[in-house]
Amino acid sequence: MIANEYSEIHSNRFRHLMKRITNSPLYRNKLCDIDLEDMTLEDIRRLPVTTKSELREAGQWGILAASKEEIAQYHESSGSSGIPSIAWFTRNDLVQGGSQLRRTGSGLTSHDLVLNRFPYALALPAFLIQEAAWQAGAGIVPSSSRNTITHYPKVLELIGQLECTIIAGLPREMELLAETARLLGFDCAQAFPNLRAIWVAGELFADARKRHVEKLWGVPVYNFFGSTETGNIATMCSHGRLHISEEDFYLELLELNSTNPINHSEIGQLLVTTLSHEGSPLLRYVNEDLVTFNAEACLCGHTGRVLTHHGRVKDMIQIDDTRLTAKDIHEGIYSLTNVPAAWNCRQLGGGLEIHMDMSDSSWNKKETEEHLASSWGLGVSVVDQTGMLLDRTRLVQRDSSLKPVYII
Ligand SMILES: [Zn+2]
């Protein structure tokens, strides 16, 4: 489907959206001066965009478009900014999200046992993964990150003991689990013969990082792209491409730093209209991600366009005439011969300063600087912070919170 083609499904779902979106206080106020009665998808550019700050100001109840009786779950996530993103899900929304995830190129069957490393507190991904697994008849091992019950050594034990076939979690969790295994003296790429795939979501996942995580674990890795507010938007196929769930979303692109629409092959800010979400539907939501679309047919047979995520708008770095997206930076770092166990970077004068914590002592700082400088077309200074960015002692800690004992 190309940018200006509207399928019948799109048109019907959009008309239905116009009927129910003003059930939410946010849109009842926002659209009160607009006649939505005869509004069609062709008119969408006449409608205002929705910003993150508007969602925050509306608050939890301000975005709810379903009745309280229809609520199945409330979700919230805090990104690096610490400001929460919020959403309501009806049971239909969860079922829809689960079925989107099942389109992953790894497939999912009743023979699978999925270790779910996404946190079960407030955040959305764990529940969509669980829904997808249950729809396929697969089993789940709930193994939340960020708690003391399922610490890193415990999770590695579970993957082996339970013969898990799929692990799901943040890309960073996959790297930290692999680092924990290394510290404990074994290699994840060799240790788990039943493991056949890894699912990741929730972070920028550039091609080079995909190759890096696949090397750490020795199995193919599949990404999901979405957010708490929108649900899952695109699912990765067996050819490593993120296919959009076209029937559930109407996606537009805006020029950077403006509200002008642009051609879909150019890099722009993603604008999301949720066509099927019931709990907290969104109209032309500026989600602050940079993306491009590609309409070429994929060998996997999926018909949806391919989405490429280039990172957050706020993470883009502009130095003189050189513009780097977060994806450009990730591609450089994860293409290194020795990928750091932890890293961060900042703009310093006319170049970039990269802080690296290395697990492999064989790396060469000068060669690393030269490689990154030539990849990015900028001056690069690498600062060795080995032992300072990653607390390896914490990774191998087995301290679990225990239930109180009353009768000894
Ligand atoms: Zn494909």
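**Close-up views of a predicted model**

**View A. Strands β11 and β12 run antiparallel and are joined by four bridges.** Strands pair here if DSSP finds at least two bridges between them. Elements are DSSP runs numbered from the N terminus: helices are H or I with at least four residues, strands are E with at least two. The model is predicted, with local features needing pLDDT of at least 70 and side-chain atom pairs counting only at pLDDT 80 or more, while totals for chains, interfaces and linings use all residues. Residues are numbered from 1 along each chain as its sequence is written, and side-chain values use heavy atoms, leaving out hydrogens and water. Gln269 has Leu290 of β12 as its bridge partner. On β10, β11 is joined by six bridges, and this pair also runs antiparallel. Here Phe249 is partnered with Thr274 of β11. β11 is mostly covered, with seven of its seven residues buried. Buried means under 20% relative accessible area, exposed over 50%, and partly exposed in between (1.4 Å probe, protein chains only).

**View B. A salt bridge links Glu252 to Arg284.** The nitrogen-to-oxygen distance is 2.9 Å. A salt bridge puts a side-chain nitrogen of Lys or Arg within 4 Å of a carboxyl oxygen of Asp or Glu. Glu252 sits in strand β10 (residues 249-254), and Arg284 in the loop between β11 (268-274) and β12 (285-294), so the contact ties together parts 32 residues apart in sequence. Both Glu252 and Arg284 are buried. The whole structure has 24 salt bridges.

**View C. Glu175 and Arg172 form a salt bridge in helix α7.** Their side chains meet at 2.8 Å, N to O. The two residues are three apart in α7, which means that about one helical turn separates them. Glu175 counts as buried because its relative accessibility is 8%. Arg172 is partly exposed, at 22% relative accessible area.

**View D. Glu369 and Lys365 form a salt bridge in helix α11.** The N to O distance is 3.5 Å. Helix α11 covers residues 365-376, and the pair is four residues apart in it, so about one helical turn lies between Glu369 and Lys365. Glu369 is buried, with 18% relative accessibility. Lys365 is partly exposed, with a relative accessible area of 37%. Elsewhere, salt bridges with shared partners join Arg172, Glu175, Glu203 and Arg209 into one network.

**View E. The largest cavity has a volume of about 120 Å³.** A cavity is a set of points on a 1 Å grid over the protein atoms alone where a 1.4 Å probe fits but cannot get out; a pocket is an open set with protein on both sides within 12 Å along at least five of seven lines; lining residues have an atom within 4 Å of a point. Points are joined across faces, edges and corners, and volume is the space filled by probe spheres set on them. The structure holds two cavities of 30 Å³ or more. Lining residues of the largest include Phe89, Asp93, Gln96, Gln100, Asn232, Asp248, Phe249 and His277. Two elements, α4 (91-101) and β8 (231-236), give two or more residues to this lining. Helix α4 makes the largest contribution, four residues. By type, the lining has two nonpolar, eight polar and two charged residues. Ala, Val, Leu, Ile, Met, Phe, Trp, Tyr, Cys and Pro count as nonpolar, Asp, Glu, Lys and Arg as charged, and the others, Gly among them, as polar.

**View F. The second largest pocket lies between domain 2 and domain 3.** Domain 2 (107-219) and domain 3 (316-396) both give residues to its lining, so the pocket is placed between them. The domain bounds come from an automatic or database domain assignment. The volume of this pocket is about 580 Å³. Its lining has 25 residues, with Glu179, His212, Lys215, Leu216 and Val339 nearest the centre. Helices α7 (171-184) and α9 (207-217) each supply at least two residues of the lining. The largest share, six residues, is from α7. The lining divides into 12 nonpolar, five polar and eight charged residues.

**View G. Ala197 belongs to strand β6 (residues 197-200).** Ala197 is buried, at 0% relative accessible area. Its C-alpha atom is 18 Å from that of Ser99, with their positions 98 residues apart along the chain.
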